[in-house]
Amino acid sequence: MSEIAENFGISEALKELGLQETNNGTSTGKDFFSNGDVIESYSPVDGSLIGKVKTTTKEDYEKVISTASKGFKEWRTWPAPARGEVVRQFNEELRRLKEPLGKLVSFEMGKSYQEGLGEVQEMIDICDFAVGLSRQLHGLTMHSERPGHRMYEQYHPLGVVGIISAFNFPVAVWSWNTALAWVCGDACIWKGSEKTPLTSVACQNIAANVFAKNDVPAGISSLITGDYKVGELMTNDKRVPLISATGSIRMGKIVAQAVAARLGKSLLELGGNNAIIVTPDADIKNTVIGAVFGAVGTCGQRCTSTRRLIIHESIYDKVKDALVRAYKQLRIGNPLDENNHVGPLIDKDAVKNYQKALDQVVEEGGNILVEGGVLEGEAYESGCYVKPAIAEAENDFKIVQHETFAPVLYLLKYSGDVSNALELQNGVVQGLSSAIMTNNLREAERFLSVEGSDCGIANVNIGTSGAEIGGAFGGEKETGGGRESGSDAWKIYMRRQTNTINYTTELPLAQGIKFDL
Ligand code: NAD
């Protein structure tokens, strides 16, 4: 174990989470096995090896899918509140293990310890939500046009749900899907990111213990591990009626086509290119806090990270100067040390993409306001620490149109009315999160109106990142259109059935059609 790992209690955390030096990354519950290559998981915090995970082969996958399909047939017959009780117990374990799991998230992914804890808190929150939901999986009843008939609709479990998740939320996204899918009566097979395999095994350990205690059939919580090839085993598999995929737009386009080719359902949560509009009536202090947290939090690696600030010309210089001052105060370093604001990027490829973006914005005519750069020295020996940068740019620059998953913030200027700002904000292919900073009611309402933001999330006087689980989460356009988490997002994990019951001695036909024999 490295010095940082020792000082911040990583060994204890790994032990509490049941992780070993080498772990099997395939599981159908208590049963862990794996016959594929080994992934070594290195921490972006200090470059040290945290542990190893064996990947899933095609044969391993066959065992998983057949166990999950069989398990589903029993699980779907459990009353939904009984399934909710299992999720409640799973939640108790998450509460007990919040600190070690949050620490592992921080050390394996590189986000701050506070954000690691926040991610586990999101798991806890969605489980609370799901337990209540287990008593409310409601359908509607409607009046029939035929006398003596009753009509209603009900929701049944869908089957095996395949979950593919990204590195930046290595645990929360899994739980957003599983907590709901489990109470809905589905079996879940999860392929986490190959960049954060240990957190996946840790989560599966927690679920497996609780499920075994409750005699939940094998396969209801299943794990597979590996890169896109392992993901493709599920996306091409007719036995998996729903694929919930979180990641880049590039990945989403491939997955969507594979799933559509077999007429399966997909729930896509893809990249964003999120903007905050800052109007002349904005509270500048809150704008700066919201924008800086949005741009540099998780080192700019949130799908909801703030990438563009669209500032009215009348306050442009004021906001710009305040931002530059705020960036000077940022402390970059070990994310487990709570004195630091910004941790590392996930790996050296991400560092290269960050550098490319900074070069490109200059090539396209942008002006660097806050210099970027890769940090060197003992404290940064993983090679993944970079300086958050700010550039003045134009919305139609190719690099501004593209989501660079790093702390690069583009400042754009608008003049005139808020509709000009909205045109810029909506003038990208992505449609995840958006915000307006204004104390002007008319501007706020126009931003929220049908002619306003075209994103799945539209906030007033808060930044673009940091959603609560109670609302449906997701975005439009190339962000994929999926919705997860709160509100009625549960419906995608179930199949809807309309039932009509005739309690008369006659057989009247709909639309008054006559058919007498
Ligand atoms: P990525 O697309 O590289 O990988 C995501 C997951 O998809 C991984 O598990 C990967 O193995 C798998 N995958 C890749 N190609 C696949 C294929 N052809 N078939 C099946 N599986 C495949 O993304 P990443 O770098 O891990 O994450 C960053 C991206 O995720 C960003 O674009 C970010 O905006 C996005 N993201 C979106 C949301 C959201 O809710 N909208 C949330 C988190 C992350």
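Author: Welcome! Domain bounds here come from an automatic or database domain assignment. The model itself is predicted.

Reader: Thanks! Into which domains is the protein divided?

Author: There is domain 1, made of 3-270 + 480-496, and domain 2, covering 274-472. Their C-alpha centres lie 30 Å apart. In the contact between them, domain 1 takes part with 35 residues and domain 2 with 28 residues.

Reader: Let me turn to the sheets. How do strands of a sheet pair?

Author: Strands of a sheet pair through backbone hydrogen bonds, and the pairing is either parallel or antiparallel. For a case here, take the open sheet of seven strands, whose order is S15-S16-S17-S14-S13-S19-S20 and whose pairing is mixed. At its edges are strand S15 (367-370) and strand S20 (457-460), each pairing on one side only. From one strand to the next, the twist averages 25 degrees.

Reader: How many bridges join S15 to strand S16?

Author: Three bridges join them, and the two strands run antiparallel. To find one on screen, look for Val-370, whose bridge partner in S16 is Ile-390.

Reader: Which strands of the sheet does helix H13 touch?

Author: Helix H13 (residues 348-363) packs on the sheet and touches S15, S16 and S17, with its direction at about 30 degrees to that of S17. Helix H11, in turn, lies across strands S13 (274-278), S14 (306-312), S17 (408-414) and S19 (433-437), running at about 155 degrees to S14.

Reader: And what is the order of the open sheet of three strands?

Author: That order is S6-S7-S24, with antiparallel pairing. Strand S6 (141-143) and strand S24 (494-502) are the edge strands, each paired on one side only. Neighbouring strands in this sheet are turned by 20 degrees against each other on average, direction ignored. Between S6 and strand S7 (residues 149-157) there are three bridges; His-143, for instance, has Arg-150 in S7 as its bridge partner.

Reader: Now the empty spaces. How does rolling a probe help?

Author: A probe the size of a water molecule, rolled over the atoms, shows where empty space is left. The second largest pocket here has a volume of about 320 Å³. Its lining has 18 residues, and Val-292, Phe-293, Val-296, Leu-330 and His-341 lie nearest its centre. By kind, the lining divides into nine nonpolar, six polar and three charged residues.

Reader: Which helix gives the most to that lining?

Author: H11 does, with five residues. Helix H6 (113-133) and helix H11 (284-296) are the elements that give two or more.

Reader: Where does the second largest pocket lie with respect to the domains?

Author: Domain 1 and domain 2 both give residues to its lining, so the pocket lies between them.

Conventions: Residues are numbered from 1 along each chain as its sequence is written. This is a predicted model: local features need pLDDT of at least 70, side-chain atom pairs count only at pLDDT 80 or more; totals for chains, interfaces and linings use all residues. Side-chain values use heavy atoms; hydrogens and water are left out. Two strands pair if DSSP finds at least two bridges between them. Helices (H or I, at least four residues) and strands (E, at least two) are DSSP runs, numbered from the N terminus. Axes are lines fitted to C-alpha atoms, for helices over the stretch in contact, and angles run from 0 to 180 degrees between N-to-C directions. On a 1 Å grid over the protein atoms alone, a cavity is a set of points where a 1.4 Å probe fits but cannot get out, and a pocket is an open set with protein on both sides within 12 Å along at least five of seven lines; lining residues have an atom within 4 Å of a point. Grid points are joined across faces, edges and corners, and a volume is the space filled by probe spheres set on the points. Ala, Val, Leu, Ile, Met, Phe, Trp, Tyr, Cys and Pro count as nonpolar, Asp, Glu, Lys and Arg as charged, and the others, Gly among them, as polar. Contact means heavy atoms within 4.5 Å.
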